[in-house]
Structures are given as C-alpha cells and as structure tokens.
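Biologist: Can we go through this one together? I'd like to start with the general picture and then look at the details.

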Amino acid sequence: MLNCKDASHLISQRLDRPLGRRERWGLRMHLLMCRYCRRFSRQLGLIHLALRKLGRESEQAEEGAELSAEARERIGKALRRQQGRP
C-alpha cells in the first residue's frame, strides 16, 4: 500500500511518463481512499494544463511577431554603418 509521499511522487511522474501497471493500480487504490492526494492530483493536473496552454500561446505569439520592412531596413542600415559600409 502506498503512503501519501509515494503517491504524490507517482502523481507527478505520471505527467512525465506512463506508469507501469503495478504503479497505476497502487496509485488508483490510494486515490480512492485519500482525499488529500485526490485534491493534489487535480491541482497538479490543472497546473500542468495551464502551463501547456501558456507555452502554446507563447509560441503562437512568437510566430506572429515579425519585423516590418521599415524596421528591417533601419536595422540593416545600422549594421552596415557599424561595419563601415554605406
């Protein structure tokens, strides 16, 4: 039988890798009996989903961020000036 420390460790690990049959079964039995670990599992799941959503939004924002032609021209001129080229 798992204790809460072992269960919380498995709850965290199952977000990173699939658990083995014995681990899944032990965790399931523990979660049936322990409301604190069930709560921890739900909270960790929500945090995981929120972080994934935030990561996707950040990637989309980076993809949409492009310099205007005018800005590229100014940067190009500044670089050429620094390198001594007209």
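Biologist: What percentage of the 86 residues of the protein chain count as buried?

Modeller: 16% of them do. Bear in mind that this is a predicted model.

Biologist: How many helices and strands are there in the chain?

Modeller: The protein chain has 4 helices and 0 strands. Read from the N terminus, the order of elements is α-α-α-α.

Biologist: Is the chain spread out or a compact globule?

Modeller: Spread out. The radius of gyration is 25 Å, whereas the globule rule gives 12 Å for 86 residues, so the chain is more spread out than a compact globule. Along the principal axes, the box filled by its C-alpha atoms is roughly 75 × 20 × 20 Å.

Biologist: And how much accessible surface does the protein chain have?

Modeller: About 7,500 Å², with 54% of that belonging to carbon and sulfur atoms.

Biologist: What share of the contacts with a separation of 6 or more is between residues 24 or more positions apart?

Modeller: 48%.

Biologist: Moving on to the core. Which residues make up the largest nonpolar one?

Modeller: It has 9 residues: A7, L10, I11, L19, L27, L31, C34, C37 and L44. Three elements give two or more residues to this core, namely α1 (4–13), α2 (21–33) and α3 (35–64).

Biologist: Which element has the largest share of this core?

Modeller: α1, with 3 residues. As background, nonpolar side chains in soluble globular proteins tend to be buried together.

Biologist: What is L31 in contact with, leaving aside neighbours within four places in sequence?

Modeller: L31 is in contact with I11, R14, C37, R38 and S41. Of these partners, I11 and C37 are listed in the largest nonpolar core along with L31.

Biologist: Cysteines next. How many disulfides does a search of the whole structure find?

Modeller: 0.

Biologist: Why is C4 without a bond to the closest cysteine sulfur?

Modeller: Because of distance: the closest cysteine sulfur to that of C4 is in C34, 3.7 Å away, which is too far for a bond. The cut-off for a disulfide is 2.5 Å between the sulfur atoms.

Biologist: What about C37, how far away is its nearest cysteine sulfur?

Modeller: C37 is in no disulfide either. Its nearest cysteine sulfur is also that of C34, at 3.6 Å.

Biologist: Are C4 and C37 buried or exposed?

Modeller: C4 is partly exposed, with a relative accessible area of 39%. C37 is buried, at 5%.

Technical notes
Residues numbered from 1 in each chain as written. Predicted model: local features only at pLDDT ≥ 70, side-chain atom pairs only at ≥ 80, totals over all residues. Heavy atoms only, no water. Buried < 20%, exposed > 50% of the residue type's maximum accessible area, 1.4 Å probe, protein only. Core = buried A, V, L, I, M, F, W, Y, C linked by side-chain atoms within 4.5 Å. Contact = heavy atoms within 4.5 Å. Rg over C-alpha atoms; globule rule 2.2 N^0.38 Å. Areas by Shrake-Rupley, 256 points an atom, 1.4 Å probe, with all protein chains shown as cover.
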